[in-house]
Amino acid sequence: MAVFARLRSHVGLVAQYLQTCTLMSRFSASRTQRLTRKYPAFQILRPLTYSQVTNANSKTFKYEIRLAKMDDIKMISESTKTQGWDYPIDYIEILRQTSPDGFLVAVKGSEIVGFIYAVNHTPDLAFFALAITKPEYRKLDIHTNLVRKCWEFAGNRNVGTNAEGEHRRRRTAELGFKHIDFMIKGLKGKIPTHIRKSAQIVPKGVTILRIDEVPFHSIVKYDGMINTFERAGFLKAWCEGKNVSGFVATRKDEVVGYINVRPLSEGYSILPWYADDVFIAEALLHKMVNSLPEDCTIKAQIPTPNTAGLELAEKYHLNTEFISMTRQFTHHIVKVPVDKIFSISTAEMTLA
């Protein structure tokens with residue numbers, strides 16, 4: 001009986017997948033894009049229920065995939081902490097507000113057993129991230145089905161992601177992210193007092209201002225140059241959050257770098273840290289460090305091709321690695337100026 005139950009389950013999943021393909025084939029690519037623009041949740045119209053036979057006791061495991069709700073945010077935040085990410089509630093809510101139709105959860109009863117985040121940045125570019133399934137519910141195709149729904153949401157866009165560790169990198173490549181770009185190294189540490197109290201050296205002609213002293217559109221423009229697209233809505237929420245602080249470097253009234261820091265349950269995370277050169281980057285970091293409590297832990301996520309950024313992190317004692325990720329794409333690699341990226345903004349919805 002267990003064998004027949006497994007067969008019925010697999011046949012059901014295949015039939016469901018083929019039905020989705022048939023429905024999608026009825027629409028031309030242009031019509032699908034028009035409908036998606038008009039109705040962002042076009043391809044996620046209703047929750048879908050999945051059945052999977054567990055390996056342990058041959059019982060049918062049923063769960064539902066649906067859009068994340070405000071009431072889910074606390075549970076999602078707690079799940080990230082168990083996986084070593086430590087994302088506060090306000091962090092998760094900003095992501096949900098930025099792409100409400102791409103934030104999916106897998107639910108068993110009242111329990112969230114997995115989730116994933118997708119954002120369509122442009123008509124040609126999307127990003128997947130925050131794919132977490134609770135350890136006790138893995139190997140039940142939950143992750144695969146979440147990714148499948150994200151593919152539908154993204155359409156034919158080039159999709160990027162950051163895969164953690166070697167196993168995830170290989171698994172992500174198997175799912176279609178075959179174009180491997182650079183590595184991102186997460187580093188943390190406590191800034192020694194003698195560095196905090198050292199004289200700040202600001203490059204000639206550069207002024208360091210609080211982020212609220214600089215026209216917002218100037219920051220959006222500079223950020224867009226780094227990321228290859230502008231994201232004003234996200235930045236406004238990201239830079240104006242509770243206990244968030246930031247500084248901007250300008251030269252002749254033009255932005256040449258900025259840094260933003262957000263509190264975590266333990267310490268602070270620099271998200272992002274961009275600068276035209278390492279000297280401006282250090283001036284921004286020094287200013288930021290002296291605005292934070294002494295003896296606090298600071299985190300940064302630095303692209304490994306930016307050797308100047310890694311050396312600067314070492315100089316400021318950010319030398320304990322807490323994560324390593326690989327940037328991967330489905331269609332082709334999207335080039336960004338890594339020499340200007342001293343810490344990415346978020347691993348969930350960013351190229352930089």
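**Figure 1. Salt bridge between K315 and E282 in the predicted model.** K315 and E282 are joined through their side chains by a salt bridge, with N and O 2.8 Å apart; a salt bridge is a side-chain nitrogen of Lys or Arg within 4 Å of a carboxyl oxygen of Asp or Glu. K315 belongs to helix α11 (residues 307–315) and E282 to helix α10 (residues 278–289), so that the bridge links distant parts of the chain, 33 residues apart. Helices (H or I, at least four residues) and strands (E, at least two) are DSSP runs, numbered from the N terminus. K315 is partly exposed, at 47% relative accessibility. Buried means under 20% relative accessible area, exposed over 50%, and partly exposed in between (1.4 Å probe, protein chains only). This is a predicted model, in which local features need pLDDT of at least 70, side-chain atom pairs count only at pLDDT 80 or more, and totals for chains, interfaces and linings use all residues. Residues are numbered from 1 along each chain as its sequence is written, and side-chain values use heavy atoms, with hydrogens and water left out.

**Figure 2. Helix α10 and its start.** From its first C-alpha to its last, α10 reaches 16 Å over twelve residues, close to the 16 Å expected at 1.5 Å a residue. The expected span is 1.5 Å times one less than the number of residues in the helix. Nine of the twelve residues are buried, leaving α10 mostly covered. Among the buried residues are I280, E282, L284, H286 and M288. At the start of α10, a side-chain oxygen of D277 comes to within 3.0 Å of the backbone nitrogen of F279.

**Figure 3. Salt bridge between D90 and R262.** The side chains of D90 and R262 form a salt bridge with an N to O distance of 2.8 Å. D90 is in helix α4 (residues 89–98) and R262 is in strand β10 (residues 254–263), so the pair ties together parts that are 172 residues apart in sequence. D90 is partly exposed, with a relative accessible area of 32%, whereas R262 is buried, at 2%. The count of salt bridges under this rule is 15.

**Figure 4. Salt bridges within helix α6.** The closest N and O atoms of R169 and E166 are 2.8 Å apart, and the two residues form a salt bridge. Both lie in helix α6 (residues 165–174), three residues apart, which is about one turn of the helix. R169 is partly exposed at 22% relative accessibility, and E166 is partly exposed at 44%. A network of salt bridges links E166, R169 and R170.

**Figure 5. Surroundings of N158 in strand β6.** N158 is found in strand β6 (residues 158–164) and is buried, with a relative accessible area of 3%. The side chain of N158 makes a polar contact with the side chain of T330, at 3.4 Å. A polar atom of the N158 side chain also lies 2.8 Å from the backbone nitrogen of H331. A polar contact is a pair of N or O atoms within 3.5 Å; within protein, one must be able to donate a hydrogen and the other to accept it, and residues adjacent in sequence count only if both atoms are side-chain atoms. Not counting residues up to four places away in sequence, N158 touches D124, L125, A126, F329, T330, H331, H332 and V334, where contact means heavy atoms within 4.5 Å.

**Figure 6. Aromatic pairs of strands β10, β11 and β14.** The protein has ten aromatic pairs by the rule used here: rings of Phe, Tyr and Trp (its six-membered ring) pair if their centres lie within 6.5 Å, with planes under 30 degrees apart counted as stacked, over 60 as edge-to-face and the rest as tilted. The ring centres of Y258 and Y274 are 5.6 Å apart and the planes stand at 85 degrees, so this pair is edge-to-face. Y258 lies in strand β10 and Y274 in strand β11 (residues 268–275), so the pair ties together parts 16 residues apart in sequence. Y258 is buried at 0% relative accessible area, and Y274 is buried at 0%. The rings of W273 and F342 have centres 5.5 Å apart and planes at 40 degrees, so they count as tilted. W273 is in strand β11 and F342 in strand β14 (residues 341–343), so this pair joins parts 69 residues apart in sequence. W273 is buried, with a relative accessible area of 0%, and F342 is buried, also at 0%.
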